[in-house]
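Got your viewer open and a selection box ready? Let's walk through this one stop by stop.

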Number of protein chains: 2
Amino acid sequence: MTKWTYSFGDGQAEGSAGDRDLLGSKGSNLAEMCRLGLPVPPGFTITSEACTYFHVHEGSWPPELESQVENALRELERITGREFGGAQHPLLVSVRPGSRVILPGMLDTVLNVGLNDRTVKALALESGDARFAYDSYRRFIQMYGEMVLGLAHDLFEEILDEEKASRGYDVDTEFSAEDWQDVIARFKAQVEVESGEPFPQDPCRQLWSAIKAVFGSWRSPRAVTYRSLHNIRDDWGTAVNVQLMVFGNMGRDSATGIACTRNPSTGEKGLYGEFLVNAQGEDVVSGIRTAQHLTERARREARSGLPSLEKLMPEPFAALAEIAGRLEAHFRDMQDLEFTIERGKLWMLHTRTGKRTTRAALRMAVEMAEEGLISRAEALCRIDPGALDSFLHPTIDPEAQGEVIAVGLPASPGAVTGEIVFSSEEAERMTAHGAKVILVRVETSPDDVHGMHVAEGIVTTRGGMTSHAAVVARGMGKPCVSGAGTLRIDYRAGTVSALGRSFRRGDIITIDGSTGQVLAGAVPLRQPVLSGDFSTVMQWAEENRRMKVRANAETPDDARAARAFGAEGIGLCRTEHMFFGPDRISVMREMILSDTQARRREALDKLLPLQRADFTELFEIMAGLPVAIRLLDPPLHEFLPGDPQDIARIAERMKVDAESLLHRIESLREQNPMLGHRGCRLAISYPEIAEMQARALFEAAVEAAGRTGMPVVPEIIVPFVSTASEFSFVKKIIDRVAVKVLKEKKAAIDYLVGAMIELPRAALNAGEIAREAEFFSFGTNDLTQTTFGISRDDAGDYLEDYRRQRIIEQDPFVTLDLDGVGALVRLAAEKGRAARPGLRLGVCGEHGGDPASISFFEEIGLDYVSCSPFRLPIARLSAAQACCRPH
Amino acid sequence: MTKWTYSFGDGQAEGSAGDRDLLGSKGSNLAEMCRLGLPVPPGFTITSEACTYFHVHEGSWPPELESQVENALRELERITGREFGGAQHPLLVSVRPGSRVILPGMLDTVLNVGLNDRTVKALALESGDARFAYDSYRRFIQMYGEMVLGLAHDLFEEILDEEKASRGYDVDTEFSAEDWQDVIARFKAQVEVESGEPFPQDPCRQLWSAIKAVFGSWRSPRAVTYRSLHNIRDDWGTAVNVQLMVFGNMGRDSATGIACTRNPSTGEKGLYGEFLVNAQGEDVVSGIRTAQHLTERARREARSGLPSLEKLMPEPFAALAEIAGRLEAHFRDMQDLEFTIERGKLWMLHTRTGKRTTRAALRMAVEMAEEGLISRAEALCRIDPGALDSFLHPTIDPEAQGEVIAVGLPASPGAVTGEIVFSSEEAERMTAHGAKVILVRVETSPDDVHGMHVAEGIVTTRGGMTSHAAVVARGMGKPCVSGAGTLRIDYRAGTVSALGRSFRRGDIITIDGSTGQVLAGAVPLRQPVLSGDFSTVMQWAEENRRMKVRANAETPDDARAARAFGAEGIGLCRTEHMFFGPDRISVMREMILSDTQARRREALDKLLPLQRADFTELFEIMAGLPVAIRLLDPPLHEFLPGDPQDIARIAERMKVDAESLLHRIESLREQNPMLGHRGCRLAISYPEIAEMQARALFEAAVEAAGRTGMPVVPEIIVPFVSTASEFSFVKKIIDRVAVKVLKEKKAAIDYLVGAMIELPRAALNAGEIAREAEFFSFGTNDLTQTTFGISRDDAGDYLEDYRRQRIIEQDPFVTLDLDGVGALVRLAAEKGRAARPGLRLGVCGEHGGDPASISFFEEIGLDYVSCSPFRLPIARLSAAQACCRPH
């Protein structure tokens with residue numbers, strides 16, 4: 001027989017904190033508080049499984065539920081000495097939802113269940129306060145009418161307003177018991193008109209209807225939407241807590257409030273919260289009346305004239321403070337409490353681990369560890385690494401009143417203000433004159449990298465979290481909003497319009513890449529301040545981390561930022577980025593457009609010293625650390641101009657006619673560049689390019705080692721490998737150049753040649769590849785694209801459909817898909833290490849900076865992750881957490 | 001101690017036919033013939049391993065080789081009673097190459113090794129023919145000079161010409177012994193001038209130099225190129241055969257010749273071949289003299305005045321006929337023999353399994369099986385399925401003198417003649433007036449399908465064997481030459497130029513899709529004639545085949561062709577092809593460009609009856625057989641026009657402005673359409689499309705079943721699945737429509753819904769998918785693209801580089817890559833069947849028609865393969881062979 005109900009009260013409970021999935025967060029913690037002997041109004045919890053059963057069976061109750069509820073109710077009557085529907089000591093209950101994850105305010109609650117024309121009189125008699133009793137009854141009718149019968153809120157409010165007006169009252173508190181009785185009569189009549197039946201007087205029918213209403217609210221559109229947005233599964237269902245009513249509104253010696261054991265904004269230790277005298281819980285939440293502070297200290301600091309609970313009701317306050325301390329110690333974390341004081345007696349209604357700001361989380365974690373409440377490892381795991389992101393970048397001042405004109409994807413965090421420009425050329429021109437600009441484009445391409453570099457931030461109207469703009473911006477640590485689809489750009493007119501407003505080139509906007517907002521004008525920003533707690537946590541992270549953390553970086557700026565953020569090497573230097581500089585792109589294009597190897601070599605000879613200088617500087621900055629450099633990866637056409645003027649100019653320089661140049665450009669174009677002539681395929685078709693890069697690299701390594709006196713450890717990544725034969729072909733080229741250069745320079749350099757594992761075939765054949773490859777670098781971006789068959793540049797729209805339809809739980813470009821892509825990474829790691837014990841394994845895809853993915857990389861024992869410099873703190877913390885947590 | 005030499009002769013041999021890899025084809029068969037007691041000049045074979053050693057060690061001899069050759073030479077002297085370099089009975093040897101796979105004429109041979117100023121005299125004495133002896137000597141010097149010393153052929157020819165002219169001779173045979181001695185003196189002087197050393201008189205030095213020359217020739221550029229073209233590995237090396245010289249030029253009772261045991265052109269049983277009296281082997285090959293027939297019958301049939309061997313030398317002829325019979329019986333296949341008759345005695349120099357035409361192969365296989373020489377299963381395996389292709393299509397008459405203007409890839413077999421057109425519109429216009437046209441384009445897109453349909457054949461200048469043009473043309477059974485990169489098309493001028501010639505619209509060309517040739521003008525074609533042997537072989541194939549063979553077909557014509565070629569169902573009906581008809585494309589475009597679901601549904605309502613009619617016809621043609629229909633697969637933008645006029649026209653029809661239509665077209669465009677918004681992703685974003693297709697399908701199934709009285713078994717393929725959740729989302733749509741339609745029609749239809757497995761993630765998660773999918777159809781084209789990360793439309797050029805560099809052995813789009821793509825197919829099959837025992841598994845990619853791939857599909861136990869109708873005979877034969885051969 002399935003157990004559907006769990007009773008609690010009287011210092012005992014059938015459930016406990018461990019039953020959260022079954023009893024919900026509220027129910028399991030009520031049970032736990034009972035077990036701790038705390039003053040909890042007794043009651044019972046109907047399990048979330050009952051809710052799931054109810055929905056699966058289209059509204060039928062589980063068998064035996066009725067009898068179990070009956071029994072639980074009898075037990076409750078026994079404990080409280082009250083009778084449900086009794087004319088003497090009527091039992092009144094609240095019916096509250098409580099799922100394993102809190103859906104704030106999304107589900108229905110019904111209070112005062114059990115009140116009817118008869119029990120209200122008993123309540124009046126027992127409380128000695130008829131006004132209170134009838135007020136409670138009218139509240140119940142109203143709540144029941146709305147929640148259970150689905151009547152409109154306004155129906156009741158109108159009656160209330162009429163009654164107030166006819167009596168000349170301003171506020172509800174002016175109503176007398178008799179006035180409320182009039183209101184109740186009208187409410188009941190209204191219910192009968194609207195629902196076709198009189199207001200139910202049978203408490204059991206009230207109870208079952210209320211339970212049904214709570215279950216039903218799990219499927220309400222707003223709850224469904226909320227769950228979809230927060231990755232909460234539909235089949236979890238909600239538990240229902242049926243519990244003795246206690247009243248904070250039973251006079252001046254009653255009160256209700258909420259408290260945190262530490263300040264959720266600052267993290268400071270000490271009881272923190274507010275309360276209202278003679279009020280019900282919803283009054284605190286609704287903010288109708290000004291709440292009072294709990295402690296004298298808080299009152300003084302806020303300079304409030306209203307007395308504190310400490311002063312007003314010292315005994316219940318002391319009890320609350322003591323209970324708060326016990327609960328924090330018991331749950332070993334900051335607790336967020338709900339309580340009610342009924343005629344001087346404190347009742348605990350709820351406790352849960354409290355939400356907190358990132359700043360507070362850091363302080364609490366550090367202090368709790370120092371207090372000995374938790375270990376350092378636990379403290380580390382208390383910080384959400386993702387939350388650090390907003391903490392490391394400027395944000396829009398929450399007090400500021402900005403006009404949001406569009407919302408896109410939060411592609412790269414941070415907020416900035418600048419003038420609108422529509423092209424990289426404009427960006428360069430305007431910044432040369434000292435302007436701060438924001439580059440606004442439909443999408444970006446490698447051609448825009450120079451413009452992105454000088455811009456303060458980037459906005460695109462197309463593309464997802466992993467579009468070109470997003471990836472490059474994150475790499476640069478620049479704010480970016482991508483896929484702001486409601487913006488309409490007219491390049492020719494030089495305008496961008498949204499929400500009926502039009503902005504011109506040079507108009508000021510502000511963007512927040514942490515939220516995806518685009519705002520008109522300059523909006524005040526708040527600069528990040530790194531606290532001592534942050535440093536302490538990062539320090540502890542270092543002590544607990546196994547995996548190394550490297551940075552993806554090409555430019556000297558990036559490399560310096562990487563070192564500053566604690567990078568232990570460069571995990572990915574994308575050499576192609578080095579060819580987009582204005583001094584190089586034209587030589588690069590000449591090289592690409594040459595139709596003989598001899599002419600290509602001429603152009604490459606011009607690129608060699610530039611590339612060597614880049615590498616030398618990088619090696620010097622990273623002295624003593626490994627630097628992984630990837631050979632040229634993108635298809636060559638990505639470097640080519642589309643603009644006829646550019647083509648004409650290049651033709652002139654190359655002394656060829658524009659027509660045949662155009663023909664060559666055409667012939668290089670590809671249907672699917674992502675699957676194109678790229679990666680090691682370039683080195684195989686044009687070995688001279690790989691030779692130039694290898695020469696630049698080895699010459700630079702010798703030079704930098706000579707200057708810094710510290711060994712340089714270059715790791716050369718061969719990209720887009722699918723077969724072992726490709727890899728060995730390219731490795732031979734590199735080794736040949738190494739022998740030659742090191743002989744010329746009479747020097748010795750240790751270097752490694754490894755394969756980028758970013759294609760399913762490479763993962764499947766990792767054993768063969770590892771026989772020659774000295775390390776693997778997992779390129780999880782492209783591996784995700786090929787494993788799923790999804791072009792990330794094109795996927796933005798329908799991935800949204802997918803998330804909405806719950807076809808995927810998470811964007812696989814953000815968090816590694818463990819079942820598919822992860823399975824390949826695991827397989828490749830195993831096969832690779834089987835073929836070459838100790839094979840060095842790292843990740844350089846975007847997932848290298850994603851906490852959930854990092855946890856997986858730790859599990860399968862990779863040696864390092866690499867991410868953009870600005871995500872290093874997140875990666876370092878995540879890597880440490882992965883070691884502290886059981887997998 | 002490694003054994004480097006294997007002796008043979010005197011009815012014994014150290015090697016045998018099984019040692020082919022070690023001793024080469026020639027050496028192992030010489031040994032085998034010795035073991036059979038046939039008259040083989042004795043000798044020994046130096047193994048191919050020695051050659052490999054020689055090259056790996058940069059020209060060093062393996063240790064012990066010298067002593068082993070020494071011993072083998074002593075043994076040869078013993079058997080022959082001759083002495084190497086002896087003044088009495090000198091031993092002369094030939095030094096011939098012989099690798100495991102024959103490289104015709106690519107490697108060097110040296111004859112008459114052992115001749116010098118002293119032994120030539122003994123040879124003159126012994127043969128009683130001084131002229132012969134000195135002729136042999138001068139031939140030796142010439143051959144040695146060219147092959148061993150690398151001197152130019154002309155050096156010797158000039159001397160010969162001068163000597164002939166000074167004596168007034170016309171032909172070599174006029175030289176006397178004394179004349180030859182003069183020539184020899186000049187040859188020797190020339191050798192000394194050119195090589196700086198006198199011509200070597202030491203026979204041992206001659207022998208070692210000759211061996212070295214043969215080994216060296218394995219690395220000659222032409223041999224390397226040949227191997228690269230024929231997939232022969234460099235490290236196989238060549239063996240060397242050192243063998244007693246026998247002379248077919250020792251007078252009128254001597255001869256040399258070649259013979260086949262059956263006619264290699266027709267397959268007719270009986271000795272077939274030719275010979276020359278008083279000649280060496282190279283004279284037969286060079287064709288200087290008119291060769292004579294072996295048999296009287298052949299002589300009579302050819303009406304030759306020259307006597308046959310049968311008549312001229314009845315005894316050696318009888319011996320040859322008897323030996324030929326024994327060899328064929330022994331090797332159980334047609335043999336190709338070389339022989340020499342020295343003074344009436346027959347010597348066998350070589351035997352090997354002979355090459356043959358496809359026609360002959362069919363006849364031989366059938367007759368040998370009927371003779372009981374081989375089993376039917378063996379007979380089946382004797383036919384190269386790929387060769388059937390040319391046998392089923394018209395070919396260019398081999399006698400014809402055509403002017404080849406370009407050579408592209410043999411993308412779809414068959415030869416046709418027609419007028420050049422440059423667009424599908426032209427093609428339709430001209431064929432409407434009765435013209436036969438060939439569509440010539442840079443590449444084709446789905447927009448061109450209607451033009452391809454009316455054209456006789458297709459030529460493209462870009463794209464590989466699996467480009468759009470190639471795939472569609474093969475599906476249609478139309479000849480296609482793809483990637484003819486030297487053709488330069490100027491669409492505006494309406495010309496195509498090549499090799500300096502220009503052709504205009506309407507000019508006649510001929511193309512041969514079996515060879516990739518494009519020829520000027522009309523060239524005579526030869527029509528295929530299907531022989532009775534072909535039917536017999538296909539009949540035997542049916543008896544031996546396990547896998548079913550289905551066809552990929554959409555149109556009624558294709559479906560009828562499929563049935564005619566023996567299809568056992570349709571494995572893939574690509575519904576998108578049905579939307580390209582001129583009556584549909586515009587409605588399709590309207591549907592795609594609608595921005596609300598309601599408007600899309602309106603357009604879909606117009607498409608429904610058309611689609612239903614298509615399906616009904618298909619079901620009727622295939623009555624009683626399964627028909628697998630794939631839901632719409634390509635990204636929607638593939639249906640959209642690029643031409644501004646078309647866009648304006650559509651805008652007018654849709655009553656929207658062209659600007660916003662253009663915007664919508666832009667927004668649908670994708671960077672990488674192959675990885676785009678396609679397959680089941682369309683059904684998820686636009687469920688109404690899948691609904692319309694499902695409805696059309698079920699309505700058609702009911703209708704067709706009613707008309708034919710035979711059950712229709714629709715199998716619905718959900719394309720481009722990567723997760724189980726995608727599949728079940730789409731399956732629910734289909735099941736829902738099925739319930740609805742079958743209820744409306746009051747009918748029952750058995751149908752299956754299955755997943756296309758064409759993405760690595762689907763293969764990895766096949767177990768989960770199989771829980772809902774009722775069959776798998778492997779889409780190996782796309783699976784190859786994603787597993788390798790190769791866009792097949794873009795890969796033509798560099799895959800060529802890859803083949804040349806031996807990085808891949810075979811185009812993975814032609815033959816399944818077993819290590820990567822095959823591993824995924826195997827994995828998916830295993831996981832799928834583990835989750836759902838008996839899961840039906842088929843292949844519908846191009847590999848479904850490739851013999852090597854079919855063999856793999858048989859090995860892993862798939863249920864069927866599906867290919868284009870015109871490849872059905874090949875697939876049926878291959879599937880049968882896969883059952884007959886051990887894996």
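**Stop 1: a helix and its packing**

Select helix H4 (residues 119-127) of chain A: the buried residues there are Thr119(A), Val120(A), Ala122(A), Leu123(A), Ala124(A) and Ser127(A). Buried means under 20% relative accessible area, exposed means over 50%, and partly exposed is in between (1.4 Å probe, protein chains only). Helices (H or I, at least four residues) and strands (E, at least two) are DSSP runs, numbered from the N terminus.

This is a predicted model, in which local features need pLDDT of at least 70 and side-chain atom pairs count only at pLDDT 80 or more, while totals for chains, interfaces and linings use all residues. Residues are numbered from 1 along each chain as its sequence is written, chains are lettered from A and ligands numbered from 1 in the order in which they are written, and side-chain values use heavy atoms, with hydrogens and water left out.

Now add strand E5 (90-91) and helix H5 (130-147) of chain A, which the buried residues of H4(A) pack against; contact means heavy atoms within 4.5 Å. Just after H4(A), click on Gly128(A), which has a positive phi, near 70°.

**Stop 2: the barrel**

Next, pick out E27-E28-E29-E30-E31-E32-E33-E34 in chain A: these eight strands make a closed barrel with parallel pairing. On average, neighbouring strands of this sheet are turned by 25° against each other, direction ignored. Zoom in on strands E27 (residues 548-552) and E28 (residues 570-574) of chain A, a parallel pair with two bridges. Strands count as a pair if DSSP finds at least two bridges between them. Which residue in E28(A) is the bridge partner of Ala551(A)? Ile570(A) is.

**Stop 3: an annotated span**

Color residues 57-296 and 312-370 of chain A, which an unreviewed UniProt entry annotates as "domain: Pyruvate phosphate dikinase AMP/ATP-binding". UniProt positions follow the numbering used here, feature names are shortened, and annotations may be inferred rather than shown by experiment. Within residues 312-370 of chain A, the end C-alpha atoms lie 34 Å apart, and the span is 54% helix and 29% strand.

**Stop 4: both chains**

Zoom out and lay chain B on chain A: a turn of 179° and a shift of 0.1 Å along the axis give an RMSD of 0.1 Å, by least squares on the C-alpha atoms of residues with pLDDT of at least 70 in both. That is how a two-fold axis relates copies. In chain B, Asn672(B) has the C-alpha nearest the axis, 2.2 Å from it. Both copies use the same surface, as 100% of the contact residues of chain B recur in chain A.

Definitions and conventions
Axes are lines fitted to C-alpha atoms, for helices over the stretch in contact, and angles run from 0 to 180 degrees between N-to-C directions.
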